[in-house]
Amino acid sequence: MAQGKKGEHVAIVGAGVFGSWTAHHLQNAGHRVTLIDAWGASHSRASSGGESRLTRAAYGKDAIYTRFASESLPQWQALSAVSGLPILIPCGVLFFSAVEDDYFRGSMEVHKQLSLPIEQMDRATMQRRFPMIDFTGIEFGLFEAKFGALMARRSVQTLVDRFVRAGGECRLGSALPIHAGGSRLNGVKLQSGETLMADRYVFALGPWLPKIFPDVLGKKIFATRQEVFYFAKPAGDKSYSPEAMPGWADFNDGDIFYGFPDLENRGAKFAHDKHGVLVDPDTHDRRPTQAALDEIIAFRDRRFPGLRNAPLIGAEVCQYENSSNGDFLIDTHPSLSNVLLVGGGSGHGFKHGPEVGRYAASRLFGALKEEPRFSLSTKGETQHREVH
Ligand SMILES: Cc1cc2nc3c(=O)[nH]c(=O)nc-3n(C[C@H](O)[C@H](O)[C@H](O)COP(=O)(O)OP(=O)(O)OC[C@H]3O[C@@H](n4cnc5c(N)ncnc54)[C@H](O)[C@@H]3O)c2cc1C
């Protein structure tokens, strides 16, 4: 629970998954919240603006993310229950690999310590349960039945809609920090020309963080180009539906591919979890490349033989907003005591939105002990991904 004087005014810039859940928790704690976004909640260029995101609790030995994901799950379920259309599709998530390596052993250990369910599967079991996947060369799998897919754009927009219905204020247009000296931010300059002054400020700008705070974050958040592709299932075929097929990730000797079943008839989704080239979120070319498509099709044809020759029916080009190692950034600005910086979702942040928001809302008022892994001081200036 976020503490502080009830009724303080908090301005949150950025209505992606992190900013919106922070707004939700601050509002629930009795604060007056203004949520501002240049292009609107979960728009198509934001990192939260895609169709779907996986949620799972398996994180190797990284118990902190296992806890965040499992504590976020009931909050997603609750939002899904009131949203009209589904937000969480509990199709289960299957991770598989040729070997039972440290990541898989670590996930099982942490799940055991936290008493969380996880099912270990051998190749024969996986092949029987999920016949749409060809498990040749795979020996080991972990299945989390309660997790699955989040409808990303819909979930953030539903949350923001509920925030507004509950009395929260939402403003469309850009906002830039105003600092006239001293240790506090004085306000934000809105695109309309108005100055908005609040008691405290949260900047949850995803890949735009280094553009607005170049001195602090210019070298610490890396926006990389990422492409995803959707393919049509064969007519009348139910084997790619979320009732039959899980969300999945093939560890593929460390070169991970992942994907989703045919959610809401949008097509089976495939992506390569490799960081692409560095990009500027305002200007990068959103057209998919032939090279990325060729790579995905080669993978798809090997693991999903039933989708060979399936027509491409959609693509999204987005960006990850990586910290140096994949840990989130949730920390006070180093020289502005009333500003919290929130970001660094690093290609895995979406599922944690509810708990990131809860932690950020508490940190804003200094109510929680600092988690070193989320602090600015632990963020390096070279990309060295460690969290998966
Ligand atoms: C292709 C892809 C696949 C992914 N897959 C998964 C997955 O399977 N599971 C998972 O958990 N995570 C996944 N992620 C990661 C996850 O989606 C992101 O970590 C998360 O959405 C980041 O949210 P955010 O709120 O930090 O940023 P954003 O969603 O980018 O939000 C930032 C907002 O700030 C606004 N803004 C910026 N500057 C200003 C300004 N000056 N004034 C006003 N507004 C401003 C922007 O308009 C934007 O809406 C994936 C990401 C991508 C790109």
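A residue counts as near a molecule or strand if its C-beta atom, placed from the backbone, lies within 6 Å of it. The structure is a predicted model, in which local features need pLDDT of at least 70, side-chain atom pairs count only at pLDDT 80 or more, and totals for chains, interfaces and linings use all residues. Residues are numbered from 1 along each chain as its sequence is written.

The ligand is a good place to begin. Around the ligand there are 39 residues, of which Gly-14, Gly-16, Gly-206, Gly-345 and Gly-349 come nearest. Among the elements that give two or more residues to this shell are helix H1 (17–28), strand S2 (32–37) and strand S14 (222–231); helices (H or I, at least four residues) and strands (E, at least two) are DSSP runs, numbered from the N terminus. The shell comprises 20 nonpolar, 16 polar and 3 charged residues, where Ala, Val, Leu, Ile, Met, Phe, Trp, Tyr, Cys and Pro count as nonpolar, Asp, Glu, Lys and Arg as charged, and the others, Gly among them, as polar.

The protein is divided into domain 1 (9–47 + 153–218 + 324–378) and domain 2 (78–150 + 222–322), with bounds that come from an automatic or database domain assignment. Both domains give residues to the shell around the ligand, so the ligand lies between them. The C-alpha centres of domain 1 and domain 2 lie 29 Å apart. Their contact takes 17 residues from domain 1 and 13 residues from domain 2, two residues being in contact if their C-beta atoms, placed from the backbone, lie within 7 Å. On the side of domain 1 that touches domain 2, helix H5 (residues 152–165) gives the most, with 4 residues. By class, that side of domain 1 has 4 nonpolar, 10 polar and 3 charged residues.

Attention now turns to helix H8. The buried residues of H8 are Ala-292, Ile-296, Arg-300 and Arg-303, a residue being buried if 20 or more other C-beta atoms lie within 10 Å of its own, exposed if 12 or fewer, and partly exposed in between, with C-beta atoms placed from the backbone. Seen down the axis of H8, these buried residues fall within an arc of 75°, so they line one face of the helix; the arc is that of the directions from the helix axis to the C-beta atoms. Gln-290, Ala-291, Asp-294 and Ala-298, on the other side of H8, are exposed. The cover over the buried residues of H8 includes S14, strand S15 (247–250) and strand S17 (268–272).
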